[in-house]
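Work through the exercises below with the structure open. Each task is followed by a solution in steps.

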Amino acid sequence: MWWLNEINDYSETYYPILLGIQKGFRENFSIPIWRWDIFGGMPLFGDPFAMLLNPINWLSLVIDLKWFFPLAALASFFIGVFGMKKMLKEFGIKQNVADFLAIFYMLLPTSIAHIKAGHLNIYEAVSFYPWVIYYLKKWIEKGEIKNSLFLSIASVLILFSHPGMFYILLFVFIPSCSYFVVKKKVKIRNYILFWLILIGLSAVYILPTLELNQYINRTSLSRQDIVPVWTIKSVIGGLFFPYLKINQLDQEAVLYPTIAVGILAIYGFLALGKKIKFYVLFLLFVLLIIALGSFTPIYYSLIKIFPFAGVFRVSSRFWYLALLVIVILSAMGLSRIKNKKLSYLIKIFILVEIISFAVLRLFLPGRYGSIINFANFDKYFDNSIDKFRLYSTTHSLSQRKMVEANAGIVDGEYPLQLSSFINYLQRAAGYSYNNQYSVIHPPYQVYKNLPQPNAAMLGKLNVLYVVSPYELSDANFSRVAEDQGLILYKNSQFKEFLWSEDTQIKLLKYKNFGNKVEAEFEVGKETRINWGVRNYPGWNVIINGKNISINNKEVWYEFELQKGQHKFEAVFISKLYNIGFLISLLTSLVIVIYFRLYSKLNQ
C-alpha cells in the first residue's frame with residue numbers, strides 16, 4: 001500500500017481529511033465542516049482541496065480508507081475511458097481507435113505521475129474533461145437545453161474534484177464559447193442557462209470559498225512561489241524523455257505524451273485544414289508558455305490579472321489541456337493508417353511504453369520516502385485531541401499518523417492556511433520566512449537555522465509537547481523521550497483549551513464533535529476566558545443555555561464569565577455554506593424536474 005505508507009499528498013493531506021470526515025459521519029451522523037488535526041484547526045467547507053463534494057468521494061464514508069484510493073482511482077479510470085470514447089467517436093474516430101486511445105488517455109504518463117504523488121483529486125478532475133468536450137461539441141452543434149444541463153453538470157464535477165483543473169478549463173472554454181455566441185452558433189439563451197446552472201449547482205462550494213479566500217495567505221503568491229521550477233534540462237526531460245531518475249522526477253514536470261503518440265499527433269495534425277491548424281498550434285504554444293511558468297513572466301502575470309487565480313501556483317497543470325488535444329490528434333493520426341499490421345504494432349509499442357512507465361513510476365520508492373512511526377512517543381499523545389496539541393520544529397510527525405492517533409498539531413502541511421495563524425505561529429516558533437508562501441509550516445528552508453520556539457506563546461496554542469531533532473534552549477521545555485533522532489519535550493507553559501490569565505480554571509470535561517464543542521468547567525472569580533479555537537466567522541458560543549458574545553484575541557477567542565460552574569457549548573455554523581447548499585439543492589431539483597418532464601414529453 002504505497003499510497004498510505006509513502007509520504008505523498010494522499011497519505012499526508014487527503015487521507016487525514018477523509019478519515020476526519022468519516023469519523024464525524026459515523027460518530028455524529030453529520031459531515032464535519034471544521035477540521036481539528038492541523039494548524040490548531042481550520043474550516044473544512046469552502047476549502048478547495050477538501051474533496052467533500054465529488055460523488056466519487058462519498059464512497060469514503062462507508063469503506064475502509066486503506067482501499068479508498070485504488071477504488072476511487074479505478075472509478076475515475078472508467079469514467080474517463082467511457083467519456084473519452086464518446087468524445088472521440090463524436091469527432092468521427094473509428095471505434096477500435098477510440099477504444100484504445102480512451103484507455104491511453106487515462107494512463108497518460110502525467111496522470112501516472114500524479115497518481116504516484118497521491119493527487120487523486122487531479123485524476124478525478126481529468127476523468128471529466130472528455131465529458132465537457134463531448135457535451136460542448138453537441139451544445140455548439142445542436143443547442144438544446146439538455147446539452148446545456150449536461151455541460152454544466154460535467155463542469156461542476158471538475159470544480160468539485162479540483163478547482164484548479166476547472167479554472168484551467170475555463171481558460172479555453174470562455175473565449176471559445178464567446179466566439180460561438182458572437183457567430184450565432186450558440187444561442188445566448190443556452191449560454192446564459194449554462195452559467196446559471198453551473199453557478200447554482202456549485203453555490204455550495206463557491207459561497208464559503210469566497211469567504212475563506214479573505215483569510216488565507218495563498219492569494220498573495222510571489223513569482224518565486226510558482227512551481228515547478230524549470231531548467232532547460234528539466235524542460236527537455238519533462239517533454240521528451242522522463243526516464244532518467246524516473247522515481248525522483250517531479251510529477252509536475254512530466255509533460256511527456258509518449259514517443260508514438262507524439263508522432264501520431266503530428267500525423268493527425270497534418271490532415272487538418274489551415275485555419276484549424278493555426279488555432280491548434282496557437283493553443284498548444286500558449287499552453288506550453290503558461291505551463292513553463294517559472295521560465296517566463298506570463299503565468300505570474302495571469303494569476304495577478306484573473307480573479308482567484310492566485311491560489312493556483314502550479315503552472316504545468318495547464319499542459320493537461322494540451323495533452324487532451326494531443327490525444328485527439330493522435331486518434332486522427334492512427335485512424336489515417338490503413339495498414340492493420342502497422343496499426344497493431346503502434347498500439348503494442350504504446351502499450352509497452354505506458355505499462356513500463358507505470359510500473360517504474362508506481363513501484364519504485366517515492367521521491368519523499370516512507371512514513372516513519374515514532375513508537376516511543378505514541379503513549380504521550382494517543383487520543384489527545386480533546387486535551388492538548390503538539391508542535392514539531394521540523395514538521396516531523398506524520399499527519400496521517402496523527403489523525404489515526406486522534407491527536408492534533410499546530411504545525412502542518414497543507415495548500416491553504418489562515419494568514420493570522422501563520423503570522424502568530426512564526427513568532428511563537430521562532431522563525432521567519434520573509435512573507436513568502438510555503439505549503440509546509442515551519443518551512444524546510446528555515447530548519448538549518450535551528451529555530452527556537454517560545455514556550456509561553458506555544459502554550460497559548462495549547463501545545464503540551466514539542467518534537468525536535470535538536471536541543472531547545474527555553475527552560476520551560478523539559479526532555480521526556482527520544483526516538484529515531486527526535487527529542488520529545490514537555491511544555492510547562494501549556495494552557496488548556498479553556499484558560500484564564502488571572503485565575504485557575506478547573507476543566508471538568510472537554511470534547512469536540514466535529515462541528516460542535518461541549519465542555520464543563522469551574523471558575524473561581526469573574527474573569528475573561530480564553531478559548532483555544534482559531535477565530536473564524538461561524539462559531540457560536542452558548543454558556544448555561546444562553547448565547548454570549550465572543551471577541552477575537554490573537555488567533556483564538558475570549559469572553560467574559562462570572563464565578564461558578566458553567567456548561568459550555570460551541571457550534572460552528574457557516575451561513576454561506578447553508579445558503580449555498582440551499583441554492584445547489586434547489587438547482588438540482590429543477591434539473592430533476594426538467595428531465596422528468598422531458599422524458600414524459602418524449603414518450
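**Exercise 1. A core residue**

Which residues does Tyr10 touch, not counting residues up to four places away in sequence?

Solution. The model is predicted: local features need pLDDT of at least 70, side-chain atom pairs count only at pLDDT 80 or more, and totals for chains, interfaces and linings use all residues. Residues are numbered from 1 along each chain as its sequence is written, and side-chain values use heavy atoms, with hydrogens and water left out.

Step 1. Apply the contact rule (heavy atoms within 4.5 Å). Tyr10 then touches Trp3, Leu4, Tyr15, Pro16, Leu18, Leu65, Phe68, Phe69, Ala117, Gly118 and Leu120.

Step 2. Place Tyr10 in its core. A nonpolar core is a set of buried Ala, Val, Leu, Ile, Met, Phe, Trp, Tyr and Cys residues joined through side-chain atoms within 4.5 Å; buried means under 20% relative accessible area, exposed over 50%, and partly exposed in between (1.4 Å probe, protein chains only). The largest such core has 206 residues, and Tyr10 is among those with the most contacts inside it, together with Tyr129, Trp139, Trp531, Trp539 and Phe568. Helix α6 (residues 120–142) gives the largest share of this core, 15 residues.

**Exercise 2. The two sides of a helix**

Compare the end-to-end span of helix α12 with the expected value, then sort its residues by burial.

Solution. Step 1. Helices (H or I, at least four residues) and strands (E, at least two) are DSSP runs, numbered from the N terminus. The expected span is 1.5 Å times one less than the number of residues. For the 18 residues of α12 (274–291) this gives 26 Å, and the end C-alpha atoms are 26 Å apart, which agrees.

Step 2. Val280, Leu283, Leu284, Leu287, Ile290 and Ala291 are the buried residues of α12. They fall within an arc of 130 degrees seen down the axis, so they line one face of the helix. The arc is taken from the directions from the helix axis to the C-beta atoms.

Step 3. On the other side of α12, the exposed residues are Lys274, Lys275, Phe278, Leu281 and Phe285. The cover over the buried residues includes α8 (163–182), α11 (259–269), α13 (298–305) and α14 (319–336).

**Exercise 3. Salt bridges**

Describe where the partners of three salt bridges lie and how accessible they are.

Solution. Step 1. A salt bridge is a side-chain nitrogen of Lys or Arg within 4 Å of a carboxyl oxygen of Asp or Glu. By this rule there are 18.

Step 2. Lys137 pairs with Glu90, the closest N and O atoms being 4.0 Å apart. Lys137 lies in helix α6 and Glu90 in helix α3 (residues 68–90), 47 residues apart, and the pair links distant parts of the chain. Lys137 counts as buried at 19% relative accessibility, whereas Glu90 is partly exposed at 22%.

Step 3. Glu404 and Arg400 form a salt bridge at 3.1 Å, N to O. Both lie in helix α17 (residues 399–404), 4 residues apart, about one turn of the helix. Glu404 is partly exposed at 34%, while Arg400 is buried at 9%.

Step 4. Lys460 and Glu501 meet in a salt bridge (3.7 Å, N to O). This pair links distant parts of the chain, 41 residues apart. Salt bridges that share partners join Lys460, Glu501, Arg528, Lys553, Glu558 and Glu560 into one network.
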